[in-house]
Amino acid sequence: MPNYFYNILFSGDSKFNSIIEIISQAGYTLLNPEEQVITGIIDSEEFESDNKDKVQQALSEKGGLLRLWGKSINLSLWFEVNSPLREISVIAEQAYFTENNPNREFVSEHLKKIFSELCKKTTSVYGYADDEHSCKVFGYDSNIENINTGKEPVLSWFNYFSTDYLEKIGGKKIFQNFNCNITEINSGGILVSFFNHPWEADFVEIQLLNEKWKEEHIFRDILK
């Protein structure tokens with residue numbers, strides 16, 4: 001089954017301790033409950049370690065994947081460092097969002113809360129949610145380059161904009177012609193959602209809203 005990703009883009013240091021603090025507050029630990037070691041993947045190879053500082057050093061230099069262990073939900077945390085912008089992704093298996101899971105709305109809201117807290121803690125520039133299929137269809141991988149060059153991002157069903165970045169691409173008024181929910185999470189940024197949950201996201205509608213999004217920015221640039 002494909003995975004779902006909640007991606008946060010930010011500048012500066014890896015902020016590992018701050019990130020793990022949010023993860024811990026959400027009810028997760030890095031330690032495998034059975035073996036009491038940290039597990040994950042670095043340089044395409046699986047690793048086990050009981051040394052948090054060593055893991056932090058490796059992730060800050062090379063990036064990689066950490067397993068997260070919760071009471072009823074297990075997640076993963078991906079670190080990407082090969083860019084002027086750092087990226088972390090909270091990864092959840094699709095099985096948590098299927099129709100036969102009676103708790104999928106709870107899981108969805110739980111992940112949105114973690115995403116929101118991470119955006120605040122890392123002073124994120126931009127964040128968005130996607131899955132492996134939609135990433136290929138809409139080209140969300142281009143978002144890092146878009147932000148680095150001052151362009152607007154490719155919109156997802158669920159997005160975060162820092163106040164500074166949003167002002168650079170048109171400000172909150174750029175959404176006045178869109179059917180979306182906007183939530184201010186602090187003075188530093190807003191959440192913009194076009195669907196409430198990932199399984200509700202319609203590919204055709206996302207394609208149309210991105211076409212409209214581009215048109216809005218072209219029109220804005222003409223009026224400059």
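Select Thr 39 and Glu 48 in this predicted model. Glu 48, a residue of β3, is the bridge partner of Thr 39. Strand β3 covers residues 45-49.

Next, display the whole of β2 and β3. The two strands pair in the antiparallel sense, and 5 bridges connect them. At the turn of this hairpin, 2 residues stand between the strands, and Asp 43 takes a positive phi near 55°.

Is Glu 48 buried or exposed? Glu 48 has a relative accessible area of 58%, so it counts as exposed. Strand β2, which comprises residues 38-42, is mostly covered, with 4 of its 5 residues buried.

Keep Glu 48 selected and add Glu 34, Glu 35 and Glu 46. These four residues form a negative surface patch.

Return to β2 and select Gly 40 together with Leu 66. Leu 66 belongs to β4 and stands opposite Gly 40. Strand β4 (residues 64-68) runs antiparallel to β2, and 2 bridges join them.

The tour now turns to charged pairs. Side chains of opposite charge can pair when their charged atoms come close. How many salt bridges does a search of the whole structure find? The search finds 5, and three of them are visited below, beginning with Lys 121 and Glu 21.

Select Lys 121 and Glu 21. Their side chains meet in a salt bridge, with 3.7 Å from N to O. Lys 121 lies in helix α3 (residues 104-121) and Glu 21 in helix α1 (residues 16-25), so this pair ties together parts that are 100 residues apart in sequence. Lys 121 is partly exposed, at 34% relative accessibility, and Glu 21 is also partly exposed, at 36%.

Remain in helix α3 and select Glu 109 and Lys 112. This salt bridge has its closest N and O atoms 3.2 Å apart. Both residues lie in α3, 3 residues apart, which is about one turn of the helix. Glu 109 has 42% relative accessibility and is therefore partly exposed. Lys 112, at 14%, counts as buried because the cut-off for that class is under 20%.

Finally, select Lys 172 and Glu 184. The side chains meet in a salt bridge of 2.7 Å, N to O. This pair links distant parts of the chain, 12 residues apart: Lys 172 is in the loop between α6 (163-168) and β9 (181-186), while Glu 184 is in strand β9. Lys 172 is partly exposed at 38% relative accessibility, whereas Glu 184 is exposed, with a relative accessible area of 54%.

Note on methods
Residues numbered from 1 in each chain as written. Predicted model: local features only at pLDDT ≥ 70, side-chain atom pairs only at ≥ 80, totals over all residues. Heavy atoms only, no water. Patch = residues over 30% accessible without salt bridge, like charges linked within 9 Å, V, L, I, M, F, W, Y side chains within 5 Å. Areas by Shrake-Rupley, 256 points an atom, 1.4 Å probe, with all protein chains shown as cover. Lys, Arg positive; Asp, Glu negative; His and termini not counted. Charge placed at Lys NZ, Arg CZ, Asp CG, Glu CD. Buried < 20%, exposed > 50% of the residue type's maximum accessible area, 1.4 Å probe, protein only. Pairing = 2+ DSSP bridges.
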